[in-house]
Amino acid sequence: MLVRRDGSVLIAEQNGHRVRKIDAAGIITTFAGTGAAGFTASAALATAANLNQPGGLAEDAAGNVYIGSLGAIQKVSARGALSTVAGNGTQTNTGDGGLASGATVRWPISLAFDTAGNLFLADYIASTIRKIDGTTNIISNIAGTGASSNSVDGPSAATATLNIPLGLLIQSDGSLLVAERSSQRVRKIIPGGAISTIAGLLGVGTSTGDDGLATAATLNTPSGLAKDSSGNIYVGDGNGNRVRKIAPNGIITTLLGTTAGAVNSTSPATNVDGAIATATVNEPLAFALDAAGNLYIASYNRHKVRKITFAIITPGPSVFKSFANTITAANGTISPEGDQTVPYGGVVKVSVTTKPRHLLRVASNCEYIKTNQPVAFVPIGTGLDTYDVTVNGPCQMEATFTPLIPKVNVNSEAAALFTGVERTQIYVAPTTTAQTSSVVSKPVTFKAWVTDIAGVPYASTTNVITFKVNGVAIAGCVDVPLTLRASNVTHIREANCTTVFSPAGNVTITSEFAGDTYNFPATSSVLNHSVVAQ
């Protein structure tokens, strides 16, 4: 199927051995073919020539239409004359490296031109992709060996095999997308380069994976391909009776249809018009897009051409609002802030700056791309982040800043007195239950450590620990500097203090954290000990 530059729609009628034309007024006529199967090398009028199961259709920059049928590729000029570009009606696959006029083809079921005027053909029976150079008319093989078999992806498309290529699409970067009917995949071919899979799983013929990555989804005999101006790719899920849509971010969804048609392909329920949320389709085989973005679908078993008219979005000014959460605004900024009027489709650059040791959360109903990542080893969300926001309607972006609270734990080196469990990422208070041990007149070393969950150690010169017994500072254990642990794996700094207990009785050991540059409140832990005389 083909939508021409003049807006008319051409339909290849395989079993009718004709190409039909629907003009802007909805009038249908025969564009080429007599209705009798055969091969006519040339004819003054295309309507007087015989075609044999036409499939592929394409239009060049001059308005000539190319038709791929069994054993031939033929051209219909603007005046309606038919001539042969490649093939002689015999279904063989020869002539690579020579002029297309001397080559043979088997069944070029899909044709496509690139911007340089080169014609590409997907040969359904030969399982090859070939190219006819727009300047030299030399024909060459791009992918496939002539054997219909599955192959893994790899660096060379030329040596890979294909398994019944059905749909063909040329992308703006020159790469080709191929719907491989029997391998259940859509593959990407870089001419002279690699072949990869963009949708479907090899050999798995089901229709699953909506709302996830297309590379993890399954397709059921993929057929037609089309791509709109927004970069969405449409795939005919043939035996799945669906039209699937792959967004530019690689997420696949079902645009139209359900699997109900697979139960009874002749049922009227498989061909219901209406809103795409409730409409159904049966074996979508070929696609075409017009200048307005409407999608045309050739339904194979229903012998119909369907049309999806998408909702029209009228471009106009849109409102974009950016702001910091009022509760945490003092900990960071977002710029520009407030309401802005932006042209439809316009891009706004938004910058967010946070204080060190703060977490940043951006909530947005806009489409945005984070264009600047924080510097390595800087706490999450700390520093400057920038975003490119595409505004296609009213939307807003909110920044919330959450301070990271340092966590302090304390324990003793005496095993009998250790009651806390050291945590590297989260503070868990030790039990306050008294621990009894005979430690009178024995030196006991207490440790306190600070973990910054942002992953950045505290400076030893400005952050200190004071140890206290029953609320009174221990002599020699005041403002003990924090020193970095040898491993530094978890960015923990610790302070040590050794004291000797002389009186018996219950004592409470605490550690107090002070001197943080950003004045964060610290959580201090408590150890309860019962000191007894021997």
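Of the 534 residues of the protein, 47% count as buried, where buried denotes under 20% relative accessible area, exposed over 50%, and partly exposed the range in between (1.4 Å probe, protein chains only). The model is predicted: local features require pLDDT of at least 70, side-chain atom pairs count only at pLDDT 80 or more, and totals for chains, interfaces and linings use all residues. Residues are numbered from 1 along each chain as its sequence is written, and side-chain values use heavy atoms, with hydrogens and water left out. The secondary structure comprises 0 helices and 42 strands; helices (H or I, at least four residues) and strands (E, at least two) are DSSP runs numbered from the N terminus. Among contacts with a separation of 6 or more, 51% involve residues 24 or more positions apart, a contact being defined by heavy atoms within 4.5 Å.

The N-terminal region was examined through arginine 4, which is located in the loop between strand S1 (2–3) and strand S2 (9–13). With a relative accessible area of 14%, arginine 4 is buried. Leaving aside residues up to four places away in sequence, arginine 4 touches Leu10, Phe31, Glu59, Gly63 and Val65. A polar atom of the arginine 4 side chain lies 2.8 Å from the backbone oxygen of glycine 63. The C-alpha atoms of arginine 4 and aspartate 60 are 9.7 Å apart in space, while the two residues are 56 apart in sequence.

Strands S6, S7 and S8 are connected by successive pairings; two strands pair if DSSP finds at least two bridges between them. S6 and S7 run antiparallel and are joined by 5 bridges, with isoleucine 67 opposite glutamine 74 in S7. The hairpin of S6 and S7 has 2 residues between the strands, and glycine 71 in this hairpin takes a positive phi near 85°. S7 is in turn joined to strand S8 (residues 82–86) by 4 bridges, again antiparallel, and glutamine 74 stands opposite threonine 84 in S8. In this second hairpin, 5 residues separate the strands and glycine 80 has a positive phi near 95°. Strand S7 (residues 72–76) is largely enclosed by the rest of the structure, because 4 of its 5 residues are buried.

A comparable description applies to strand S18 (residues 222–227), which has 5 of its 6 residues buried and is therefore largely enclosed by the rest of the structure. S18 pairs with strand S19 (residues 233–237) in the antiparallel sense over 4 bridges, and leucine 225 has valine 235 as its bridge partner in S19. The two strands form a hairpin with 5 residues between them, and glycine 231 in the turn has a positive phi of about 90°.

Serine 183 lies in the loop between strand S14 (176–180) and strand S15 (185–189) and counts as buried, at 0% relative accessibility. Its side chain forms polar contacts with the side chains of glutamate 180, at 3.4 Å, and arginine 185, at 3.2 Å. A polar contact is a pair of N or O atoms within 3.5 Å; within protein, one must be able to donate a hydrogen and the other to accept it, and residues adjacent in sequence count only if both atoms are side-chain atoms. Not counting residues up to four places away in sequence, serine 183 touches Asn150, Asn163, Leu201, Leu202 and Gly203.

A search of the whole structure identifies 4 aromatic pairs. Rings of Phe, Tyr and Trp (its six-membered ring) pair if their centres lie within 6.5 Å, planes under 30 degrees apart being stacked, over 60 edge-to-face and the rest tilted. Tyrosine 66 and phenylalanine 113 form an edge-to-face pair, 5.0 Å centre to centre with 70° between the planes. This pair links distant parts of the chain, strand S6 (residues 65–69) and strand S9 (residues 108–113), its members being 47 residues apart. Both tyrosine 66 and phenylalanine 113 are buried. Tyrosine 368 and tyrosine 387 are likewise edge-to-face, at 5.3 Å centre to centre and 80° between the planes. Tyrosine 368 is partly exposed, with a relative accessible area of 33%, whereas tyrosine 387 is buried at 4%.

The largest nonpolar core has 17 residues, and those with the most contacts inside it are Phe320, Val350, Val352, Val389 and Met397. Such a core is a set of buried Ala, Val, Leu, Ile, Met, Phe, Trp, Tyr and Cys residues joined through side-chain atoms within 4.5 Å. The largest share, 4 residues, comes from S32.
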